[in-house]
Amino acid sequence: MVEKEKDVLLLPLTEADRIRYSRQILFPAFGEEGQRKLRQAHVLVAGVGGLGSPVAIYLACAGIGRLTVVDSDAVELSNLNRQILHGEDDIGEKKVISAAPKLKRLNSTIEIHPRAERITAESLPGLLHGVNLVIDCLDNVETRLILNEGCVKAGIPLIHGGVYGMMGAITTIIPGQTPCFACIFPREVEEKRPFPVFGFTPALIASLQVMEAIKLLAGFGELLTGKILYINGEMMECTTAPLQKNTACKICGGGGG
Ligand SMILES: [Zn+2]
C-alpha cells in the first residue's frame, strides 16, 4: 500500500537526468523507473571515513535524491590513505563539512545534508527522520549497536559494512525479516585501536554496500539478507555464510518470521 502511494508520487526525469544517468538507465531491471526511485530516496550515510567516503561519492553520482552524511570527527593526516573525500587542505575540518561541497560538485541536482553530530541513542531518532535507508560506515561496534537499535525501532533497512586490514564483511539488515546487527554482535567487543587498514579494502566493501543500496531502493536483484559476505583480499577469497536470528536478542527479539 505504502509502496503504491510512493510510486504514484514518482516524478518524471528531466532531460538532463536522462543524459546524466543514461548508462545505468540502460540496465534492463533498473530503467527510468529505478532512477526515479533513487531520486525519491533519502539515504543516511553513518560515518564519512574510509567506507563512508566512497559510499557517499557513488550514491551522489547515482542520483540519490537526498543524502544525509553524519560524522562528528575532524580530518586527520592518518585518514588520508583511505578517506578519499578528504585531502591535505581539509585536515582539522569536520569531515561532513569537508565532504558536502565535494559531493555537491559531483552532483548539484541532489540535496546533501551534513550533520556534524555524534550518533547516540538521543540524537539518532532526529537523524533518521524521513530516511528510507541507512548505510553503516562506522568504525566501532559500540556506535554500530546504537545505529542498529535505532533502525530496528524505526523499521529502516541497514546495510552493514566492516573492514580490517585486507578483510571486509557486508550484510543487509531488514527489520522484522532478517537477523539484526545485535543478533550477530550481541555486545561490545574489545577492539584494538587503531586497527590496520589499506585504502582499497573499504573502497571494495563500500562499492558492495552501494550495489546493495541501489538494488534495495530500486527493487530488483538478490540482496545479502540473512547472510554475510566475507572477503579476504590477502588470500583473494570470498565466502558467504548464513546468519541466524538470536532468539534471545534484546533488540529485534529474534522474531519477525
Ligand atoms: Zn537481533
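Analyst: Before we count anything, note that a helix here is a DSSP run of H or I with at least four residues, a strand is a run of E with at least two, and both are numbered from the N terminus. The model in front of you is predicted.

User: With that in hand, how many helices and strands does the protein chain have?

Analyst: The secondary structure of the protein chain comes to 10 helices and 8 strands. The chain has a radius of gyration of 18 Å, close to the 18 Å that the globule rule gives for 257 residues, so it is as compact as a globular protein of that length. Along the principal axes, its C-alpha atoms fill a box of roughly 50 × 50 × 40 Å.

User: What share of the residues is buried, and what share of the contacts joins residues at least 24 apart?

Analyst: A residue is called buried when its relative accessible area is under 20%, and buried residues make up 49% of the 257 residues in the chain. For the contacts, we take those between residues at least 6 apart in sequence, and 65% of these join residues at least 24 apart.

User: How should I read a single helix, and what span should helix 8 have?

Analyst: The expected span is 1.5 Å times one less than the number of residues. Helix 8 covers residues 141-154, and because its 14 residues should span 20 Å, the 20 Å between its end C-alpha atoms agrees with the expectation. At the N-terminal end, Asn 140 caps the helix, with a side-chain oxygen 3.4 Å from the backbone nitrogen of Glu 142, while just after the helix Gly 155 takes a positive phi of about 70°.

User: Which elements do the buried residues of helix 8 pack against?

Analyst: The buried residues of helix 8 include Val 141, Leu 145, Leu 147 and Val 152. The buried residues of this helix pack against strand 1, helix 7, strand 4, strand 5, strand 6 and helix 9.

User: Where is Gln 209 found, and is Gln 209 buried or exposed?

Analyst: Gln 209 is found in helix 10, which covers residues 200-218. Because its relative accessibility is 0%, Gln 209 counts as buried. Leaving aside neighbours within four places in sequence, Gln 209 is in contact with several residues, among them Leu 51, Val 55, Ile 135, His 160 and Ile 170.

User: Which residues coordinate the zinc ion?

Analyst: To read a metal site, look for the donor atoms and then for the angles among them. The zinc ion is coordinated by the SG atoms of Cys 180, Cys 183, Cys 249 and Cys 252, at 2.3 Å. The angles among the 4 donor atoms are 96 to 122°, and the site is tetrahedral. Along the chain the donors follow the spacing C-x2-C-x65-C-x2-C. Cys 180, in the loop between strand 6 and helix 9, and Cys 252, in the segment after strand 8, are 72 residues apart, and this pair links distant parts of the chain. Cys 180 is buried, at a relative accessible area of 1%, whereas Cys 252 is partly exposed, at 21%.

User: What is the peptide bond from Arg 193 to Pro 194, and where is Met 236 placed?

Analyst: Omega describes the peptide bond, and the bond from Arg 193 to Pro 194 is cis, with omega near -5°. Pro 194 lies in the loop between helix 9 and helix 10. Met 236 is placed in the loop between strand 7 and strand 8, and its phi is near 50°, a positive value in a residue other than glycine. With a relative accessibility of 73%, Met 236 counts as exposed.

How values were computed:
Residues are numbered from 1 along each chain as its sequence is written. This is a predicted model: local features need pLDDT of at least 70, side-chain atom pairs count only at pLDDT 80 or more; totals for chains, interfaces and linings use all residues. Side-chain values use heavy atoms; hydrogens and water are left out. Buried means under 20% relative accessible area, exposed over 50%, partly exposed in between (1.4 Å probe, protein chains only). Contact means heavy atoms within 4.5 Å. A polar contact is a pair of N or O atoms within 3.5 Å; within protein, one must be able to donate a hydrogen and the other to accept it, and residues adjacent in sequence count only if both atoms are side-chain atoms. Donors are N, O and S atoms within 2.8 Å of the metal (3.2 Å for Na, K and Ca); water is not among the atoms, so sites may look incomplete. Four donors count as tetrahedral if all angles lie between 85 and 135 degrees; four count as square planar and six as octahedral if opposite donors are over 155 degrees apart and all others between 65 and 115; anything else is irregular. The radius of gyration is taken over C-alpha atoms; the globule rule is 2.2 Å times the number of residues to the power 0.38.
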